[in-house]
Amino acid sequence: MDITDTRELRNAFGRFLTGVTVISCKDADGHPRGFTANSFTSVSLDPPLLLVCIDKKSASREAFETSAHFAVNILSENQKEVSNIFASRDADKFERVPWRDDGPSGCPLLYDIVAYFECARENVIEAGDHIILLGRVKNFSHDEITPLGYGHGGYFSPALEQAAVSASKCGVDLIVGAIVEHDGGILLLPGEDGTLELPQNGDDVQLGSLRKLRTRLASLNLTVSLGFLYEVYENPENGAQAIYYRGESHESHAAEGRFYAEQDFPWDKIRSPQVQSMLRRYFDELRQQRFSVVLGEQD
């Protein structure tokens with residue numbers, strides 16, 4: 001691909017699965033500062049070093065460059081909203097989440113996180129449009145909590161992914177489908193009586209599976225990169241479940257059906273109210289390029 005295509009380069013980098021952290025410090029006036037980052041990694045055990053990359057355009061850049069200490073807060077799977085808050089430009093981030101500053105460095109530490117590291121600033125390194133903040137770990141703690149994951153432009157939960165796999169093996173009625181996107185459009189296939197539906201398989205007669213879904217997508221002459229779970233819902237009356245994944249198509253035309261953009265989306269031809277609700281959420285999150293996973297009952 002064209003190395004100057006920064007959007008595609010960002011997408012390629014985004015294929016690497018990471019955790020999600022909030023980097024925090026206090027500025028020269030003692031005010032808490034923080035931002036969401038997944039560009040975090042351990043560097044060395046002896047001495048104990050880690051690093052995080054900060055966009056040079058970040059409003060918090062100066063605070064982190066000059067602060068003697070900073071902290072890395074690794075978020076848990078229930079903290080997607082915390083991640084979204086610190087990824088925003090809101091001025092009241094720390095007023096919206098519980099935190100403390102009773103560690104040795106006095107850096108802001110969030111509650112209910114997987115782990116934290118309090119660091120002394122070791123070095124600041126220029127690196128293109130980012131700076132690399134190298135820290136020496138002075139204090140840390142961790143807990144047995146499932147971490148929040150990020151990749152393919154959205155959050156994922158290892159525990160929820162495993163729950164879906166378990167559901168697919170338990171013999172209940174199961175639908176497995178995908179929201180397949182290309183350039184902002186979503187693929188819909190012809191259903192019964194003039195309706196349209198997502199690519200999916202399974203019903204009250206035949207059990208759906210991810211393998212069958214991949215076969216169905218291949219039959220449409222599409223190369224689809226399936227990502228993580230997007231929504232899982234259950235019918236509380238009979239235990240039937242539906243599992244939908246996010247996917248991206250490399251092609252713009254399918255052997256069957258077509259891609260619909262939001263402005264001309266045929267909502268009146270989508271029979272299932274649950275699928276309608278899911279797709280409206282998808283378009284909302286597509287505009288923000290910030291996806292989440294939902295688990296619940298179909299109502």
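These legends go with a set of close-up views of a predicted model. Residues count from 1 along each chain as its sequence is written, and side-chain values rest on heavy atoms, with hydrogens and water left out. As this is a predicted model, local features need pLDDT of at least 70 and side-chain atom pairs count only at pLDDT 80 or more, while totals for chains, interfaces and linings use all residues.

**View 1. Strand S9 pairs with S6 and with S10.**
Helices (H or I, at least four residues) and strands (E, at least two) are DSSP runs, numbered from the N terminus, and two strands pair if DSSP finds at least two bridges between them. S6 covers residues 69-74 and S9 covers residues 115-127; they run antiparallel to one another, with six bridges. Look for Ile-74, which sits opposite Ala-115 of S9. S9 also pairs in the antiparallel sense with S10, residues 130-142, this time over 12 bridges. Here Glu-126 faces Ile-131 of S10. S9 and S10 make a hairpin with two residues between them, and Gly-128 in that turn has a positive phi of about 65°. As a viewing tip, side chains in a regular strand alternate between the two faces of the sheet.

**View 2. Phe-94 and Trp-99 meet edge-to-face.**
A pair of aromatic rings is described by the distance of the centres and the angle of the planes. Rings of Phe, Tyr and Trp (its six-membered ring) pair if their centres lie within 6.5 Å; planes under 30 degrees apart are stacked, those over 60 are edge-to-face and the rest are tilted. The count by this rule is 12 aromatic pairs. One of them is Phe-94 with Trp-99, at 5.4 Å centre to centre and 70° between the planes. How accessible are the partners? Buried means under 20% relative accessible area, exposed means over 50% and partly exposed is in between (1.4 Å probe, protein chains only). Phe-94 is buried at 10% relative accessibility, whereas Trp-99 is partly exposed at 27%.

**View 3. Tyr-260 and Phe-265 belong to an aromatic cluster.**
The ring centres of Tyr-260 and Phe-265 are 6.2 Å apart and the planes stand at 80°, so this pair is edge-to-face. Both residues are buried. Trp-267 and Phe-283 join them in one aromatic cluster.

**View 4. Two arginines lie over aromatic faces.**
A charge sits over a ring if NZ of Lys or CZ of Arg is within 6 Å of the ring centre and within 35 degrees of the ring normal. Arg-100 lies over the face of Tyr-111, 6.0 Å from the ring centre. For Arg-246, the ring underneath belongs to Phe-291, and the distance to its centre is 4.1 Å.

**View 5. Arg-61 and Glu-65 form a salt bridge within helix H2.**
A salt bridge is a side-chain nitrogen of Lys or Arg within 4 Å of a carboxyl oxygen of Asp or Glu, and the structure holds 16. The closest N and O atoms of Arg-61 and Glu-65 are 3.3 Å apart. Both residues lie in H2 (residues 61-66), four residues apart, or about one turn of the helix. Arg-61 is partly exposed at 22%, and Glu-65 is partly exposed at 24%. Together with Lys-56 and Glu-126, they are linked in a network of salt bridges.

**View 6. Glu-256 and Arg-216 bridge distant parts of the chain.**
This salt bridge has its closest N and O atoms 3.2 Å apart. Glu-256 is in the loop between strand S18 (241-249) and strand S19 (258-260), while Arg-216 is in helix H5 (residues 210-219), 40 residues apart. Glu-256 is partly exposed at 30%, and Arg-216 is partly exposed at 27%.

**View 7. Lys-57 makes a salt bridge with Asp-55.**
The closest N and O atoms are 3.6 Å apart in this pair. Lys-57 is exposed, with 67% relative accessibility, but Asp-55 is partly exposed at 28%.

**View 8. Cys-107 is in no disulfide.**
A disulfide is a pair of cysteine sulfur atoms within 2.5 Å, and the structure holds zero. The nearest cysteine sulfur to that of Cys-107 belongs to Cys-25, 6.7 Å away. Cys-107 is buried, at 3% relative accessible area. What about Cys-119? Its sulfur is 8.2 Å from the closest cysteine sulfur, in Cys-107, too far for a bond. Cys-119 is buried too, at 1% relative accessibility.
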